Each structure stands twice: as structure tokens, then as C-alpha cells.
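I opened this model to look up how its helices and sheets pack and what surrounds the ligand. My entries follow in the order I made them.

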Amino acid sequence: MTRSLSSEFLPPVKEKKNKPKNKHESPLILLELSKDLVELARIWHESKDNIAQNNFFDHVKVLRQGHPQFLSPFPSEITWTKALKPDTRRISRYLKKIFSSRIFSNFGPFHEELEKRLRTYLKVENLFLVNNATIGLMLALRFAYDKLRPKNPYIITTPFTFPATSHAVKFLSFDTAFADIDPHSLCLCPEAVENVIKKHGPPVAVIPVHVFGNVADLEAFESLRRKYGFFLIYDSAHAFGVEVNGKGIGSYGDFSVFSLHATKIFHTAEGGIVTFSDPAYAKDLGYLRSFGIKGVDTCFSLGINAKLSELNCALGLALWDKIEPAIKKRKQLYNIYAQEFSEVTYLHPVMRHLPAVRQNYGYATFLVSGHSFVTRDVLCDLLKKFNVIARKYFSPLLSDVPCYKYDLEKFKPVLKTAEDVSKKTITLPIYPDLNTGDIKKITQIVKYIFQASDIIKTSINNKALG
Ligand SMILES: Cc1ncc(COP(=O)(O)O)c(C=O)c1O
């Protein structure tokens, strides 16, 4: 921290006379917080210096001097995200139409309308709606396999992602080769991918993820695709609305898969989008999406049920006008985090601001520095005491999940950066219902935690030296 725990944060108020105005402003929260920090200090002290346990409650006194307003917990939980809600009258109009037509699914008029709007909004030529992104990834993978049909099919992807990415691979019984991530974008590292290919030959597909809306190295992956002939399938679940040089992110690679889950910037409760580079893919991808059936009941090939219902599409259409205001509000909130944390040396923003990229501000994710006395996990726990529910996104790494044991033995991946990063990322609340005051308060709490921990750390060091 560059600033110390000054009177600005802890006004010197006499403890007992300073009665709490309500239960949420109780100074007990400070004591509780301090206890945690003291416990932490003890563990740190013992493990690092092997000196006998000290009584750190002396230092707690510093922390108990007052309880400024901003340190009271939020009256109710502030979760890391909250789904966009449609206007009731608007969604009712759509529902009435569904109920009178009785078209609930099978590519009805709302499905067609939503696909049309998305094509324009995402700036892509070819696009299919599906019932979720996980299934979307599976369709793209199955498509790739059917075209290449190698003897020993395997897929390369990142372990630093939501389980859906590599589970889609495993669910189709393909071997999963994890490769490390780039320390700047936190997306799959092209050099690490090429190293895997040099050892194991070309895979069926490579799946880079545009993590937290950061764009993976598009050029490097495109040149690897050309060199080795695999299918390039981007997991764009976090990248709805992201553009590069004015082009929709979905126009890169062979396939790009977006999630329309309720936690996303724009949603249909459950849902997903598959974009594809070649219009000729539409025929086989269409079969894969709908039981291999064309028309009413003639089955031509393999397929599953990946259709998005009219009800889901109606929700998407009812929310449509909220997309741009939501991104604008998220940007405003994100900028407060970025500005307030610019003075906090223990936190680094994960989002990259590249001139060519239009960001969507989907996530307020930060890296907690390895030099911090308060680890990411402790920070999450302490924030809970203030009713701030942060997310340890993505932890654990997928490579730590037991179903990938065989793949680890086979490919022996080196995942140094991913292992380090997954212990350090924290995703803080960001969604359009929050206001700038809420975000400022969260930043004050975070700053307080770091400042308090600095005081304890300094005290320990002094004691150790003395
Ligand atoms: C990176 C990533 N990929 C895939 C998915 C899966 O999306 P869905 O829930 O639509 O299947 C998610 C969901 O959050 C995700 O974060």
C-alpha cells in the first residue's frame, strides 16, 4: 500500500462512547476482522520466521479505534453479479403471442428474430442459437471430429476457465491436453499450444478462451491453425459484444461460442450462440443441433437436442434494449474500481485496454499480488464479513479436477502461470443495478483490509527484529 492507515480511514473516537447507530455499524466487525488478521499474522510469523508466537492483540488496538461509516457491512449481500431483468409488460406481450400461437420451440418466429438481431449486433455472417454454450462447444467439437476423424483425437485447451470448456471435450470422450496461459491476457498461450503439437501431433481442435473479455492472441492462433490444420474454436462465453478493429469477436476462428446464461451481460436465462466462418458449415451443424433431422421426421445423421425455446428467445428480445445501457453502466462502475485501486499496489487489473479492442466490462477481476500479506482467499473471506460476495474465478484449475487425471499423465502439461494466477484472481461485484456509491464503498473496504494488514505485518517485522 502506498498510504498508511491514516486518520482519514480511522478517526480517533473513544471506543465505548461511540455507540453504533444500527447493528450494521457495529465496531465488532472491526474486532472480528482484526482477529482474522491476527490469526493470519500468527500463521505467517510462525511459518516464515519460526519465532515463538507473539501476542498480536496489542496491534488490534490500532484497528479498534473507530468505525467509519464505510466500514459497516452492506445491509444485504452484494453478489458478484445479478441477472438483467426484463420489463414485465414487455415480456408479457411476448408471452401472450407464444400462448396464442402455441409455438414454444423448434425455430419459431422469436428464434428467427433473435438470430437475425444477433447477427447484426455481433457483426457476424453465420450464427446459430443453441440452448447453452456448453452444448455449443460440443457441437463445434463434434463437427470438427467428423471432418478430420484422426486415429487418436485430442483437444488442446486452457485449464484456467469455467468447467464447461474442458468438460465439453471430456464429455465427448476426447483426450484433453491442457496448455499454459499467457501471463498478460490470462488466455491460452499460443507457444505452449505449439509445444504440445510438436510432441503429440496436430489436435482435432484448439479451444482458446477469451477470459474475462480479454482477447486471446488471434493472429498467433490463426497462423497455428493454418500450419497444423486443426479447427480453431473460441470459447467466447465472456466476450459478448467484444470487438477487435471494428470486427465482432465471433468472426475469428472456425467457430466461436457465446453463452447467454443469466449471469452474462445479455441473456436468455439459459442459451448460447455458435458463430462459424464458413456458410457451408450450416448444413451439418444444423443436423447436429437438431437430432440429425431435416423436416419433420427424416433422420439423416447424428445430432442432439441443442434447440433454444421460444420462451428463452422471448426473454432475449424483451431484454434487447438493455444491452447497450448495461455495458455503459458496467464501464462506469468498472472505471471506479480501476481508479480507486490504481493506488493499491497489491491489486492489478486483469482487463486489458488495447486500442483496437472494444471491451464489454463483463467482469471486475483483479490479481492479488503475491507480496500481499492478505491472500486472495483471505480477502474473499474478509469481504464476506461486509456482505460483499466476491468470486474466486477460476479456482480450482480444471487440471486439478480428478476426471483429468488420465490426461495429466498422458500429456504431462507444465501449467506454471495458470497455477499461480488461479490462486490470485478475485472477481468483485459488477452489474448495472449497483451504483457508484456501492462500488466506492467496496473499494474502501478492500483498501482498509490491505492497510490493516500492512500495520500488522509491520508490527510483526518490528517485533521480529527487536
Ligand atoms: C468460459 C465459459 N465457457 C463456457 C461457459 C458455459 O456457458 P453455459 O452456461 O451457457 O453452458 C461458461 C459459463 O459461465 C464460461 O464462463
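**Entry 1: α5 and α9.** I started with α5 and helix α9, residues 281-289, which pack at about 125° with axes 10 Å apart. That angle makes α5 oblique to α9. I noted a right-handed crossing for α5 and α9. From α5, the contact takes Leu 139, Arg 142 and Phe 143. From α9, Tyr 281, Asp 284, Leu 285, Leu 288 and Arg 289 take part. I sorted the contact of α5 with α9 by class: five nonpolar residues, three charged and no polar. A reminder to myself: this is a predicted model.

**Entry 2: the ligand.** Next I looked up the ligand. Which residues come nearest to the ligand? Of the 14 around it, they are Ala 133, Phe 162, Ala 164, Ala 237 and Ser 259. I met α5 (133-148) again here, since α5 and α6 (163-171) each supply at least two residues of the shell. I then split the shell by class and got eight polar residues, five nonpolar and one charged.

**Entry 3: the seven-stranded sheet.** I traced an open sheet of seven strands with mixed pairing. Its order is β1-β9-β8-β5-β4-β2-β3. The edges are β1 (127-130) and β3 (175-178), each paired on one side only. I noted an average twist of 20° from one strand to the next. Then I checked how β1 is held. Four bridges join β1 to β9, residues 272-276, and the two run antiparallel. Val 130 stands opposite Gly 272 in β9. Helix α7 packs on this sheet and touches β2 (154-157), β3 and β4 (205-207). The direction of α7 makes about 160° with that of β2. I called that roughly antiparallel, because the angle is over 145 degrees.

**Entry 4: α7 and α8.** I stayed with α7, residues 190-200, and looked at helix α8, residues 218-228. Their axes lie 10 Å apart at an angle of about 15°. At that angle, α7 is roughly parallel to α8. The crossing of α7 past α8 is right-handed. On the α7 side I listed Pro 190, Val 193, Glu 194 and Ile 197. On the α8 side I listed Ala 220, Phe 221, Leu 224 and Tyr 228. Seven residues of the contact of α7 with α8 are nonpolar, one is charged and none is polar.

**Entry 5: α4 and α10.** At what angle do α4 and α10 cross? I found roughly 45°, with the axes of α4 (residues 109-121) and α10 (residues 310-319) coming within 8 Å. The two helices are therefore oblique to each other. I recorded a left-handed crossing for α4 and α10. Phe 110, His 111, Glu 113 and Leu 114 of α4 meet Glu 310, Cys 313, Ala 314, Gly 316 and Leu 317 of α10. By class, the contact of α4 with α10 has five nonpolar residues, two polar and two charged.

**Entry 6: the three-stranded sheet.** I closed with an open sheet of three strands, antiparallel, in the order β7-β6-β13. Which strands lie at the edges? They are β7 (247-248) and β13 (357-358), and each pairs on one side only. Two bridges join β6, residues 243-244, to β13. In this pair I found Val 244 opposite Val 357 of β13.

Definitions and conventions. Residues numbered from 1 in each chain as written. Predicted model: local features only at pLDDT ≥ 70, side-chain atom pairs only at ≥ 80, totals over all residues. Near = placed C-beta within 6 Å. Nonpolar A, V, L, I, M, F, W, Y, C, P; charged D, E, K, R; others polar. Pairing = 2+ DSSP bridges. Axes fitted to C-alpha atoms, helices over the stretch in contact; angles between N-to-C directions. Parallel < 35°, antiparallel > 145°, perpendicular 65-115°, else oblique. Left-handed = near helix turned anticlockwise from the far one by under 90°. Contact = placed C-beta atoms within 7 Å.
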